[in-house]
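User: Could you teach me how to read the packing and the empty spaces in a model like this one? I'd like the general idea, then the case at hand.

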Amino acid sequence: MADLLASRHDVTLIRLAGAAGREAGHGVREVVAEPSEDLRETLVPSEGYRRSAAALEAIEEAFGEDPPDYLEAWDRDAPAIVPLTARLGRNRALIGTRAALRIGGSRELVGLHDAALSDPEVSLTCDLEREQLRLADRLLWPGGDGLDLYRRYYPEPLPDATRIALPLALPQEAAVPAEAEPGRPLRILYSGPISRGRGAGDLAEACLRLPVDEWRLTMVGEDTPTALFKLSMREAIEAMFDGDPRVELREGLPADGIRELAAAHDLLVAPSRFDVWPEEVLEAMALGLPVLATPVGGLAEIVEDGVSGWFTAETGPAAIASGLTDLVGRRDDLDRVRRSGAPAARARELADPKQILDGYEHLFERLGPATDIPRPPRRGGEPLVSAVVPYLRASEHIEEAIGSLFAQTHSNVEAVIVNDGSFEEEDDVLLDLAEMPGVRVVTQLNAGEAAARNLGIVMARGEFVLMLDSDNILEPELVARAVEVLDRDPDLAYVGCWFRYIDPDGHPQASPRGGVYLGNRVRRRQEEDNWDGDTMAVLRRDALIDRGRIYEPEGGSHGDWEFYLQLREEGRFGMVIPEKLARYRVRADSLMRVFGGEIRVRTMAEMRDRRIRHRFRWTVEAE
């Protein structure tokens, strides 16, 4: 794709570290997205997410503050989730950039057909894919039923779609078929991942159902753990045939593709339960092989029934066996299609470079160049942002925290410090802070951090409320960035950020160097770890006061998480800017360090019970 577009445009290819693929051609600037040392030592929800964060680093390095006009990525495994979130968070390297996702079979849809969605990391990847789809401006689809399948499966409306096929480097000459012998068996080829969703097991079972013995099956492709109980599909198929000499399974494709195999076989079978645009089928067709295909995804358009191949009535072993049985009895028709050259002509038509380039030009005309949409106008200048700062025996760091607030590029800020019953001599620092313009100090008997936050929220006067711990530090741009994001998207309830971890003395930690959050929209299920956000975030005041939402007094160290869960239940979502715009002080006596996973499990259980009680209480009161 990059090589083709480079004939008309300046193209930069961001290649994720470890990703396979041929070298970029002339005119393409290639950048390998290797995670920086800082990113390698940052806590992230998954390695796939780390790779996406590395892609953002590569984009920042390649473009600086001169954003690209257009960004394109595949949908599978959410490789663009961090760059797209950064665009929403006003990252200068992506402001105004238009973004498209090319659908190729998401991890969720592939896993659904491979029965492989139960793994926690796969589950997270599926959630990230959904968020990536939501953040894109456009979908690209090559043809067939793939787009409609996405629309049927995903509950939220998808972006508008543009049909642009894939530019494939197809063989230019058909393979010369081996000389036919009278009474020869039907020679069947399968090429692609040996997986459940691709129908490898269905084809094997279909061959065992054939009423004749005159057939041979060759299966070529990478093995997958998609058989029952996550066992090897290759081994499951080998067990089905139990040494049957009519079957050969090969590990991986030959270095020169399947030309030799295409010459030695009569038919390619594409038995997929789900597929978007199988390149293996197009390659085989370009080599002259007719195709028997299930009528799913891209296959519904790639194959022309009776011209370049045939369709089965539906998916599954019975339908595939019926189609093969019919072709065994119509060998003349099979030979006719192969001699006609129709399979190769169809493959080249679908991968025509001019048609693809014209499709991109039409897309670019509609999207336009990278242009920043003006921020909605405001009356009265900068909105007031109130920082609520709970305080308990934090005299050593409170001045630095407040200082970072008043050093913000957004100048209209105030601080409400809530003294949660701290009356030692060193706490007199609050008296000095109370003398500062824009700082108010209120005192309550010790009632806990959540109660202190709730009192501070009531005392706050700003349109936005910033939750700031007394020992943490804000980077200068955090408030301005968060307020701009909230102004541009009135539906957002809060904006947080990533963190850089510092030790009690304020020095950067060596490992882990920081932490990542995702926002409360991404995770669809309540998990054992909080990726929704930290307390330190800028929130709309109506998300706290006017709509009756406050921090749960019994929430303890997970009060922020419980608050974000409550917002999620009520259909209000926030986002997290994927940049380290605050410094989080990690203390040796913090509850999470002392108790680790044990306290997390206990507080999670309490949180679930409390949410059930609240819902039950609301139901009873409503009745």
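User: Which element gives the largest share of the lining of the largest cavity?

Analyst: Helix 6 does, with four residues. Keep in mind that this is a predicted model. As for the general idea, rolling a probe the size of a water molecule over the atoms shows where empty space is left. Here the search of the whole structure finds three cavities of 30 Å³ or more, and the largest cavity holds about 110 Å³ of space.

User: How many residues line the largest cavity, and which lie nearest its centre?

Analyst: The lining has 16 residues, with Thr85, Glu131, Leu518, Gly519 and Val522 nearest the centre. Helix 4, helix 6 and strand 22 (573-585) are the elements that give two or more residues to this lining. Sorted by class, the lining of the largest cavity has 10 nonpolar, three polar and three charged residues.

User: Helix 4 and helix 6 both turn up there. At what angle do helix 4 and helix 6 pack?

Analyst: When reading a helix pair, take the angle and the distance between the axes together. Helix 4 (residues 81-88) and helix 6 (residues 120-135) pack at about 45°, and their axes are 9 Å apart. The two helices are therefore oblique to each other, and their crossing is left-handed. On the helix 4 side the contact is made by Ile81, Leu84, Thr85, Arg87 and Leu88, and on the helix 6 side by Leu128, Glu131, Gln132 and Leu135. By class, this contact of helix 4 with helix 6 has five nonpolar, two polar and two charged residues. Note that Thr85 and Glu131 take part in this contact and also lie among the residues nearest the centre of the largest cavity.

User: What comes after helix 4 along the chain?

Analyst: A loop lies between helix 4 and strand 5 (98-102), and arginine 90 is placed in that loop. Its backbone is worth a look: phi of arginine 90 is near 65°, a positive value in a residue other than glycine.

User: Where is there a cis peptide bond?

Analyst: Omega is the angle to read for this. The bond from serine 511 to proline 512 is cis, with omega near -10°. Proline 512 sits in the loop between strand 19 (492-502) and strand 20 (514-515).

User: Back to the cavities. Which residues line the second largest cavity?

Analyst: The second largest cavity holds about 70 Å³ of space. Its lining is made up of Tyr190, Ser191, Arg198, Leu268, Val269, Ala270, Pro271, Ser272, Asp275, Pro278 and Val281. Strand 8 (186-191) and strand 11 (267-270) each supply at least two of the lining residues, and strand 11 gives the largest share, three residues. By class, the lining of the second largest cavity divides into seven nonpolar, two polar and two charged residues.

User: May I try another helix pair? How do helix 11 and helix 15 pack?

Analyst: Helix 11 (residues 279-286) and helix 15 (residues 342-350) meet at an angle of about 130°, with axes 7 Å apart. Angles over 145 degrees would count as roughly antiparallel, so helix 11 is oblique to helix 15. The crossing of helix 11 and helix 15 is left-handed. Leu282, Met285 and Ala286 of helix 11 make the contact with Pro343, Ala344, Arg346, Ala347, Arg348 and Leu350 of helix 15. By class, the contact of helix 11 with helix 15 has seven nonpolar, no polar and two charged residues.

User: And at what angle do the axes of helix 5 and helix 7 cross?

Analyst: The axes of helix 5 (residues 107-114) and helix 7 (residues 146-153) cross at roughly 85° and come within 12 Å. That makes helix 5 roughly perpendicular to helix 7. In this pair, Glu108, Leu109 and Leu112 of helix 5 meet Leu149, Tyr150 and Tyr153 of helix 7. The contact of helix 5 with helix 7 has five nonpolar, no polar and one charged residue.

Notes: Residues numbered from 1 in each chain as written. Predicted model: local features only at pLDDT ≥ 70, side-chain atom pairs only at ≥ 80, totals over all residues. Heavy atoms only, no water. Axes fitted to C-alpha atoms, helices over the stretch in contact; angles between N-to-C directions. Parallel < 35°, antiparallel > 145°, perpendicular 65-115°, else oblique. Left-handed = near helix turned anticlockwise from the far one by under 90°. Contact = heavy atoms within 4.5 Å. Nonpolar A, V, L, I, M, F, W, Y, C, P; charged D, E, K, R; others polar. 1 Å grid on protein atoms, 1.4 Å probe; cavity = no way out; pocket = protein on both sides within 12 Å on 5 of 7 lines; lining within 4 Å. Points joined across faces, edges and corners; volume = space filled by probe spheres on them.
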